[in-house]
Amino acid sequence: ELVAAGAQQDTINLWNVASGSISPAPTATLHDPGGKSVYGLAFSPDGNLIAAGDTDGSVYLWNATSDKMTATFHDPDSHGLYDVAFSPDQTLLAVSDATAGDDGVVYLWNTATGKLTGTLQPADSGNLADIAFSPDGRFLAAADTGGGVALWNVATGAFLGDLTGLITQPLIGVAFSPDGNTIACTNTKGDTFLWNARWLYS
């Protein structure tokens, strides 16, 4: 019932779309406590939480109903964050580091305890942008601005490889199909690429 949009003015605007009509004025507005621009934004699978990552390396969780902040996570390297994603069971929050140079990483936090539980690193990568969990939560994909898609086993943290093919432009978006068998990504030119992901489950 809610749509959220982050802005460069440290705000997250929420609209209630249950009625089928959207007012230009937001239903509610959340503010980044650090006054930084908001990049990554995601609702939890049950719709009860909103996660937002900012350019200062902080991630904030809000209750989507009460608009109250419930938790704060901080990038260990204090870099800006590009994207945030909840695992399908909502126990993990993944965050891609946007400005770690050639050492792009994805951090995993336990949403219940607030503890950093893992750091996922590709073998050879530039900055990591958009991230996505597989529908069963077993795998995580990250779009690489160097032109590849990095893949990990979430439980073990093992790096499974890069999908590259003929991609020469930075990738900015990645997603699994609902059945988990296909991975799609898009680059800065607007091209979309599809990979068969069935090998992950073999």
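This talk walks through one predicted protein model, moving from confidence to sheets, loops and side-chain contacts.

Good morning. Please keep in mind throughout that we are looking at a predicted model. The average pLDDT of the protein is 82, and 75% of the residues score at least 70. The confidence varies among the elements. Strand β1, residues 2-6, has the lowest mean pLDDT, at 61, whereas strand β10, residues 106-110, has the highest, at 93.

Let us turn to the sheets. As general background, strands of a sheet pair through backbone hydrogen bonds, and the pairing may be parallel or antiparallel.

I begin with an open sheet of 4 strands, in the order β12-β13-β14-β15, in which the pairing is antiparallel. Which strands form its edges? They are β12 (128-133) and β15 (159-163), each of which pairs on one side only. From one strand to the next, the twist averages 20°. Within this sheet, β13, residues 139-144, and β14, residues 148-153, pair in the antiparallel sense over 6 bridges. If you wish to find this pairing on the screen, look for alanine 143, whose bridge partner in β14 is valine 149.

Another open sheet is made of 3 strands in the order β16-β17-β18, and here too the pairing is antiparallel. Its edge strands are β16 (171-176) and β18, each pairing on one side only. Neighbouring strands of this sheet are turned by 20° against each other on average, with direction ignored.

How many bridges join β16 to β17? There are 5, and the two strands run antiparallel. Alanine 175 has alanine 184 in β17 as its bridge partner. On the other side of the pairing scheme, β17 (residues 182-187) is joined to β18 (residues 192-196) by 5 bridges, again antiparallel. Here isoleucine 183 stands opposite tryptophan 195 in β18. The hairpin of β17 and β18 has 4 residues between the strands, and glycine 190 in this hairpin takes a positive phi near 95°.

That brings me to backbone angles. In general, most residues other than glycine have a negative phi. Two residues of this model deserve attention in that light.

Consider aspartate 67. Its phi is near 65°, a positive value in a residue other than glycine. Aspartate 67 lies in the loop between β6 (58-63) and β7 (69-74). Is it buried, exposed or partly exposed? Its relative accessibility is 30%, so aspartate 67 counts as partly exposed.

Now consider glutamine 90, which is not a glycine either, yet has a positive phi of about 70°. Glutamine 90 sits in the loop between β8 (81-86) and β9 (92-97). Why does it count as buried? Its relative accessibility is 18%, and the cut-off for buried is under 20%.

The loop between β6 and β7 also contains threonine 65. Threonine 65 is exposed, because its relative accessible area of 67% is over the cut-off of 50%. Threonine 65 is 17 residues from asparagine 48 in sequence, while the C-alpha atoms of the two are 6.7 Å apart in space.

I turn next to side chains, beginning with strand β6, where serine 58 has its place. Serine 58 is buried, with a relative accessible area of 4%. Its side chain is joined to that of histidine 74 by a polar contact of 3.0 Å.

How many aromatic pairs does the structure hold? It holds 6. In one of them, the ring centres of tyrosine 60 and tryptophan 62 are 6.0 Å apart and the ring planes stand at 50°, so this pair is tilted. Tyrosine 60 and tryptophan 62 are both buried. Elsewhere, Phe73, Tyr107 and Trp109 form one aromatic cluster.

Finally, the charged side chains. The count comes to 1 salt bridge. Which residues form it? Arginine 138 forms the salt bridge with aspartate 136, and their closest N and O atoms are 3.8 Å apart. Arginine 138 counts as partly exposed, at 42% relative accessibility. Aspartate 136 also counts as partly exposed, at 41%.

To close, I would ask you to take away two images: an open sheet of 4 strands, and an open sheet of 3 strands. Thank you for your attention.

Terms used:
Residues numbered from 1 in each chain as written. Predicted model: local features only at pLDDT ≥ 70, side-chain atom pairs only at ≥ 80, totals over all residues. Heavy atoms only, no water. Buried < 20%, exposed > 50% of the residue type's maximum accessible area, 1.4 Å probe, protein only. Pairing = 2+ DSSP bridges. pLDDT = per-residue confidence, 0-100. Phe/Tyr/Trp six-rings, centres within 6.5 Å; stacked < 30°, edge-to-face > 60°. Salt bridge = Lys/Arg side-chain N within 4 Å of Asp/Glu carboxyl O. Axes fitted to C-alpha atoms, helices over the stretch in contact; angles between N-to-C directions. Polar contact = N/O pair within 3.5 Å; in protein donor to acceptor, adjacent residues only side chain to side chain.
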